[in-house]
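I open these entries to keep a record of what I looked up, one topic at a time.

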Amino acid sequence: MNSRNWNRREVLAATGAVSLAPITGLADGHEMQTKPIPATGEQLPVIGLGTYSVLDVESTAGNIESRKAIVDLLTAKGGSVIDTSPMYNRSERVIGDVIDAGSDRSSLFLATKVWIDGKDAGVRQMQESARLMSTEVIDLMQVHNLRDTDLHMQTIRDWKEEGRIRYSGLTHYRAGAHDALEAAMHKHKPDFIQINYSLGEREAENRVLPLAEDLGIAVLINRPYQAGALFRAVSGKKMPEWALEFADSWGQFFLKFIVSHPAVTCAIPATSKLHHMEDNLGAGFGPMPDNTTRRRMAEFLDS
Ligand SMILES: NC(=O)c1ccc[n+]([C@@H]2O[C@H](COP(=O)([O-])OP(=O)(O)OC[C@H]3O[C@@H](n4cnc5c(N)ncnc54)[C@H](OP(=O)(O)O)[C@@H]3O)[C@@H](O)[C@H]2O)c1
């Protein structure tokens, strides 16, 4: 697939059929695109894995084997980010089980959240997250849905100094919370935010994404498929010819719209299926749409 995308790019360059942005972070078109985390310059691959509901399963041998295959495919293709939360019931434990079953922890960027009221309860929850995920150092600790932000950000800053957390973050998933998120970004200057952004939910373009760029904050994107609603919106429809120049599937069409935004660092689609993981990871390779094409994609979906 990668070489096919690369050839397409060459063809496109010759024909000028559709305008495509230069690909940054690509050595030869066969590696997943990466973007820097502004706080450190560390490169992060642009496609990750969300875990809401899809990893909330019993730790049976079969379930761990199928989830391990998804995680191993993620890292084999150059991805690393897995996003979870204590809110997602058994998901953190399943991540730990997958690591204990042999997935390479050092290839993973583990992002979880604190989602509880009170400082002490937050500390206990973060300790439990590390234990469940079989990890000493959590790569990214995010305050889930801005719950008790001031208290938890203090703990996260302390843990960062102690080396138990590498990056801080704030999350939300609704446009109605963007004002509150902006205020918290100014106040706490987190390393990351995580927000909803997709072809069907573009509000973040107005202020949150530009603010993240201004403040030097990395951005994870949740609900990239609006929890699957985007697939239902195009059900039975063919992709337009011009999109075939950069996307092999609707999933890649939706994800490339997201990760080609300059402020976006990584999208975290959730899936329980290996072939969907393969499809999603494909969005990290090959040509990306530029601004003109991105506008065309939005107009197409709106119509
Ligand atoms: N407040 C927060 O911090 C917050 C809120 C919401 C979400 N999140 C994070 O963001 C992640 C993603 O958001 P989400 O889980 O709400 O939804 P999503 O990623 O927008 O959509 C997931 C749905 O899309 C399907 N899917 C995935 N890849 C596909 C493909 N290539 N082709 C067809 N269908 C595909 C999945 O089903 P299959 O299993 O069948 O593939 C699932 O039903 C969450 O898992 C979570 O980690 C965080």
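**His30.** I looked up His30 first in this predicted model, and I found His30 in the loop between strand 1 (20–21) and strand 2 (34–36). Buried or exposed, or something in between, was what I wanted to know about His30. I counted 13 C-beta neighbours inside 10 Å, so His30 is partly exposed, given that a buried residue needs 20 or more and an exposed one has 12 or fewer. I then took the C-alpha atoms of His30 and Gly286, which are separated by 8.0 Å although the two residues are 256 apart along the chain.

**Ligand shell.** How many residues surround the ligand? I noted 29 residues, and the closest are Gly50, Tyr52, Asn222, Gly251 and Ala270. By class, I recorded 10 nonpolar, 15 polar and four charged residues in the shell around the ligand. I also asked which element gives the largest share of this shell, and the entry is helix 10 (residues 274–282), with three residues.

**Positive phi outside glycine.** I looked up two residues other than glycine that have a positive phi, Asn145 with a value near 50 degrees and Arg223 with a value of about 50 degrees. Asn145 sits in the loop between strand 7 (138–143) and helix 5 (149–162), while Arg223 belongs to the loop between strand 10 (218–222) and helix 8 (229–233). For Asn145 I have 19 C-beta neighbours inside 10 Å, so Asn145 counts as partly exposed. For Arg223 the count inside 10 Å is 23 C-beta neighbours, and therefore Arg223 is classed as buried.

**Helix 6.** Which residues of helix 6 are buried? I listed Leu181, Ala184 and His188. Around the axis they cover an arc of only 65 degrees, so they lie on the same side of helix 6. The face turned away from that buried side carries the exposed residues Asp179, Ala183 and His186. Among what covers the buried residues of helix 6 (178–188), I noted helix 5, strand 8 (165–171), strand 9 and helix 7. After helix 6 comes Lys189, and I recorded a positive phi for Lys189, near 45 degrees.

**Helix 7.** I did the same for helix 7 (residues 208–215), where the buried residues are Val208, Leu209 and Ala212. Their arc around the axis is only 100 degrees, which means that they are on the same side of helix 7. The cover over the buried residues of helix 7 includes helix 6, strand 9 (192–196) and strand 10. Gly216 follows helix 7, and the phi of Gly216 is positive, near 70 degrees.

**Helix 6 against helix 7.** Two packed helices are described by the angle between their axes and by the distance between those axes. I therefore looked up both values for this pair, and helix 6 and helix 7 pack at an angle of about 5 degrees with their axes 10 Å apart. Angles under 35 degrees count as roughly parallel, and helix 6 and helix 7 are therefore roughly parallel to each other. From helix 6 I listed His178, Leu181, Glu182 and Met185, which meet Val208, Leu211 and Leu215 in helix 7. The residues of this contact divide into five nonpolar, one polar and one charged.

**Ala204.** I placed Ala204 in the loop between strand 9 and helix 7. With 25 C-beta neighbours inside 10 Å, Ala204 is counted as buried. What is Ala204 in contact with, leaving aside its neighbours within four places in sequence? I listed His178, Ile195, Asn196, Tyr197 and Leu209. I also took the C-alpha atoms of Ala204 and Arg174, residues 30 apart along the chain, and they are separated by 9.6 Å.

**Val71.** My last entry concerns Val71, which is found in helix 2 (residues 61–76). The count of C-beta neighbours inside 10 Å is 23, so Val71 counts as buried. Not counting residues up to four places away in sequence, Val71 touches Val98 and Ser103. Val71 and Val81 are 10 residues apart in sequence, and I recorded 9.7 Å between them in space, C-alpha to C-alpha.

Note on methods:
Residues are numbered from 1 along each chain as its sequence is written. This is a predicted model: local features need pLDDT of at least 70, side-chain atom pairs count only at pLDDT 80 or more; totals for chains, interfaces and linings use all residues. A residue is near a molecule or strand if its C-beta atom, placed from the backbone, lies within 6 Å of it. Helices (H or I, at least four residues) and strands (E, at least two) are DSSP runs, numbered from the N terminus. Ala, Val, Leu, Ile, Met, Phe, Trp, Tyr, Cys and Pro count as nonpolar, Asp, Glu, Lys and Arg as charged, and the others, Gly among them, as polar. The arc is that of the directions from the helix axis to the C-beta atoms. Two residues are in contact if their C-beta atoms, placed from the backbone, lie within 7 Å. Axes are lines fitted to C-alpha atoms, for helices over the stretch in contact, and angles run from 0 to 180 degrees between N-to-C directions. Angles under 35 degrees count as roughly parallel, over 145 as roughly antiparallel, 65 to 115 as roughly perpendicular and the rest as oblique.
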